[in-house]
Amino acid sequence: MASFQELVSRYHQKVYMVILGLLHNRDDALEVAQETFFRAYRKIGSFEGGSSFYTWIYRIAVNLAIDAQRRQKRNPLDFRETMDGVLEAQEETARDPFADVHDRELRENLIRAINELTPEHKAVIVLRTIEGLSYKDIGDILGCSEGTVMSRLHYARKKLQDKLSAFL
Amino acid sequence: MRDCESIRQSIGRWLDGELEAPESESVRAHLASCAECGKAQQQLESIQQMLKKTLLAEAQQIEFLPFWRGVQLRIAQRTPWHEQALDWVRATFTLSRAAWLVPASIALILAILSLESYVPGWREGRNSFASVESIDAYGRNVALLRENESKTTVIWLYEDQEGENETADEPAKSAPAF
């Protein structure tokens, strides 16, 4: 149990980030992240050393998050509203107030734009952004080819760029 | 010289480091000389940075201990008792601990075997009275009585009356022979 605890402490924030990027709701993301580690604990015997642990745990997380998203009933705006408080606290020593307003606007529109993507497109953009994973690793996690990852990433970025160009 | 549209198709992969060296070099050279494509590159980088910053700020709010307790609770509530028992056995009898089990078992067996010499008669109890019964080659019963206090052993041979009655017409001897 101690070694499993060590794994959880090493990966819990990253797993949470991926799930939050897909769900945009803190409570749901926390629940799915804990469920991810519970499933990992139960299935640790089936983990094959051939793939990396993070690839394996992200695969569980993404699958659960996509399932949860399809069932999601809570208001996704909850994420955006509480998010502002967090970042304001972070940027207390902040620079230019105009820059803050601009950043907040960009952030809100970014979250809205990401939320309009399909779960598969969100997954590639989040995995690439958070971990800087290679296309091969992302393909392993999502169960698709590198070519599919590449085209999904290109499509998702184009969509985000089109929607956010006014704020960039 | 590649056109802007073709370069913009590749900017994402270039940022991701997924282009081969010659193509990567041509994208880099184009971005250095084309303001429009350079702007597209900056936009993509800004989007990635903002997304990462936003999610990272959220993730940093997650404290480990409450998170871990939630995971533990799920494990405790949703794991059947026999799997929990197996987990306990696996956690307790790890390979390093099992290594101690062999010498410990040998020591225990030796201790039990040598107990007789330190505590005479411990196997028979304080009023040590033991008997062994068997049938010898002549069909007689043998009783072995050992008394520890007087250190006396009595061997008692006698014939089974019921057995004799079944197999012989002669009456059985009633008294045992010493």
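Helix axes at 65 to 115 degrees to each other count as roughly perpendicular. In this predicted model, helix α8 of chain A and helix α1 of chain B pack at an angle of about 110 degrees, so α8(A) and α1(B) are roughly perpendicular to each other. The briefing covers this helix pair, then the interface and chain B.

**Packing of α8(A) and α1(B)**

- The pair consists of residues 146–164 of chain A and residues 4–15 of chain B, and the two axes are 10 Å apart.
- α8(A) and α1(B) make a right-handed crossing.
- On the α8(A) side the contact is formed by A:M150, A:L153, A:H154 and A:R157, and on the α1(B) side by B:Q9, B:G12 and B:R13.
- By class, the residues of this contact are 2 nonpolar, 3 polar and 2 charged.

**Interface between chains A and B**

- Contacts between the chains involve 35 residues of chain A and 29 residues of chain B.
- On the side of chain A that touches chain B, at least two residues each come from α1 (2–23), α2 (26–43), α4 (77–90), α5 (97–115), α6 (119–131) and α8.
- The most residues on that side, 9, come from α1(A).
- The side of chain A that touches chain B comprises 20 nonpolar, 11 polar and 4 charged residues.

**Chain B**

- Chain B contains 7 helices and 3 strands.
- Its elements follow the order α-α-α-α-α-α-β-β-β-α from the N terminus.
- Of the 178 residues in chain B, 12% are buried.
- Among contacts in chain B between residues at least 6 apart in sequence, those joining residues at least 24 apart account for 22%.

Terms used:
Residues are numbered from 1 along each chain as its sequence is written. Chains are lettered from A and ligands numbered from 1 in the order in which they are written. This is a predicted model: local features need pLDDT of at least 70, side-chain atom pairs count only at pLDDT 80 or more; totals for chains, interfaces and linings use all residues. Axes are lines fitted to C-alpha atoms, for helices over the stretch in contact, and angles run from 0 to 180 degrees between N-to-C directions. Helices (H or I, at least four residues) and strands (E, at least two) are DSSP runs, numbered from the N terminus. Angles under 35 degrees count as roughly parallel, over 145 as roughly antiparallel, 65 to 115 as roughly perpendicular and the rest as oblique. A crossing is left-handed if the near helix is turned anticlockwise from the far one by less than a right angle, and right-handed if clockwise. Two residues are in contact if their C-beta atoms, placed from the backbone, lie within 7 Å. Ala, Val, Leu, Ile, Met, Phe, Trp, Tyr, Cys and Pro count as nonpolar, Asp, Glu, Lys and Arg as charged, and the others, Gly among them, as polar. A residue is buried if 20 or more other C-beta atoms lie within 10 Å of its own, exposed if 12 or fewer, and partly exposed in between; C-beta atoms are placed from the backbone.
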